[in-house]
Amino acid sequence: MSMIWSIIEQWAEREPERIALCDEQAQWTYRELVTRVRAMAATFQDTGVKRLALQLDNGLDWACCDLAGLAAGVVIIPVPLFFTAEQQAWVLESSGVDSLIGPGREGWSGHPLPQSKYTLWQRTVTSAVELPAGTAKITYTSGTTGQPKGVLLSDEHLALVSQSLAANMQSLDVTTHLTLLPFSTLLENITGLYVPLLLGLRSVVLPLASVGFAGSSQFNPAALVQTLLRWQPHTLVLVPELLRVVLMLVQQYPGIATSLQFIAVGGGKVAADLVVQARQLGLPVYEGYGLSECGSVVALNTPAHDRVGSVGQILPHCQITIAEDGEILVQGAAMLGYLGVETSLSSDEPIIATGDLGYCDAEGFLWITGRKKNVQITAFGRNFSPEWVEAEAQLFSAINKLVVFGDDLPNNVAVIQVNPSCAHLLSEQIQQLNARLPDYAQVHQLILADLSPASGLSTMNGRLRRHAIFQQFHHEILQLTTGGSQ
């Protein structure tokens, strides 16, 4: 029995009329949620579903199908809508799914789903990669190069992470969470669905267009403002790119912040001064840290335990050690492995080498200093982490996105996407950015570019594809720094 599902059933028994999930058209009590999920789970079992791909927008149906997978012991494979068509096809083929809820595909047979507008599509799978015992979810990471990688997670692992986060949230007087990120990202799947339901809260699960996302590269701030004003949520989870948007909006519409009591930010480094600025404007922002291989969140700041600039205290189910080279190693929260890759993880005390550099202070707060593989060593032998520079750039309105390169170069080059409304401030703000940095980490040369998801150089969540950017602008970088002599 899934631990997450068992606790949700207990809520339905104790307080059946409490609201669990809602969208713009409907709201489900805990009793109705359990009834619907049980019916969906029975359909999965009756039709022989083993591995189910969810290729849906955020909404009640996504939540119901995902929970039914937990209840029925079905492996769930979320298919991100922001993946390209080729990446989505790769997810379906590499994972060996036998069933799909989403757009119909040629050669698949359809079955109606109970109390849903969607169809269950099925096919015969003659061979599929064998999964480790206990696999409950395959979450795909977009990565920076090549095809997405499937991370194998157990129900027990998902429950450990969710329960640790729920324990951190219990002291907050909150009742409503609003989902802003896609459920197909593990972060929102856990924090927007599992954690609220474990706490008996209400989660507002809206289509992505309703919270401002328009396709893979556009964002409508007005839609987000209207959603925040209408639903008055207590909690949100943001990536740094969305934090900057909300920070801009709250200065124009202070009313969007009045209900908010806790905003978790993760998925990338956040400048400490940006957190301070957000709090001064009434946004209760708390930075966290995690990765899919560790079941998402590993550390988190909270109102009770907070240190600006750190990513928070380690969650109770995790143990952190720091390798000799500064790499962060995580125990107690390890994936089962990567899909199709023979795992080298120890079965008794598996360790995840995160690839991130950092340290823990005496009070148990974790600090991230950069990515191990991204450390830049300039032609003059000075080391710096580009994530530090890129996080500081978040403070400046003229810089929409920035990625810096200085490895083996006599000076550093930043590839920048400029905010058109503030383009006239760019030169001045680059000087202000450099004033915050030592000379070896400063931006010396600029390349202006489109770094939006539509360009293929960043993900929908705003994470820059560093390798792809370097490959595209390699010639220009050399021309600016060495005259193209390398």
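**View 1. Two helices at the lining of the largest cavity.** In this predicted model, helix 2 (30-46) and helix 3 (60-72) each bring at least two residues to the lining of the largest cavity. Helix 2 is the top contributor, giving three residues to that lining.

**View 2. Who sits around the largest cavity.** Zoom in on the lining and you'll meet Trp28, Arg36, Ala39, Met40, Asp61, Cys64, Pro114 and Gln115. It's a mixed crowd: five of the lining residues are nonpolar, one is polar and two are charged. The space they enclose comes to about 60 Å³. Across the structure, the count of cavities of 30 Å³ or more is three.

**View 3. Cysteine 65 and its neighbour.** Look for disulfides anywhere in the whole structure and you'll find zero. Cysteine 65, then, is in no disulfide, and the nearest cysteine sulfur, that of cysteine 64, is 5.7 Å away. As for its surroundings, cysteine 65 has a relative accessible area of just 1%, so this residue counts as buried. Cysteine 64 has already turned up in these legends, as one of the residues lining the largest cavity.

**View 4. Cysteine 294 and cysteine 318.** Why is there no bond between these two? The closest cysteine sulfur to that of cysteine 294 belongs to cysteine 318, and the 6.6 Å between them is too far for a bond. A disulfide needs the two sulfur atoms within 2.5 Å. Is cysteine 294 buried or exposed? Its relative accessibility is 0%, so cysteine 294 is buried.

Technical notes. Residues numbered from 1 in each chain as written. Predicted model: local features only at pLDDT ≥ 70, side-chain atom pairs only at ≥ 80, totals over all residues. Heavy atoms only, no water. Buried < 20%, exposed > 50% of the residue type's maximum accessible area, 1.4 Å probe, protein only. 1 Å grid on protein atoms, 1.4 Å probe; cavity = no way out; pocket = protein on both sides within 12 Å on 5 of 7 lines; lining within 4 Å. Points joined across faces, edges and corners; volume = space filled by probe spheres on them. Helix = DSSP H or I, 4+ residues; strand = E, 2+ residues; numbered from the N terminus. Nonpolar A, V, L, I, M, F, W, Y, C, P; charged D, E, K, R; others polar.
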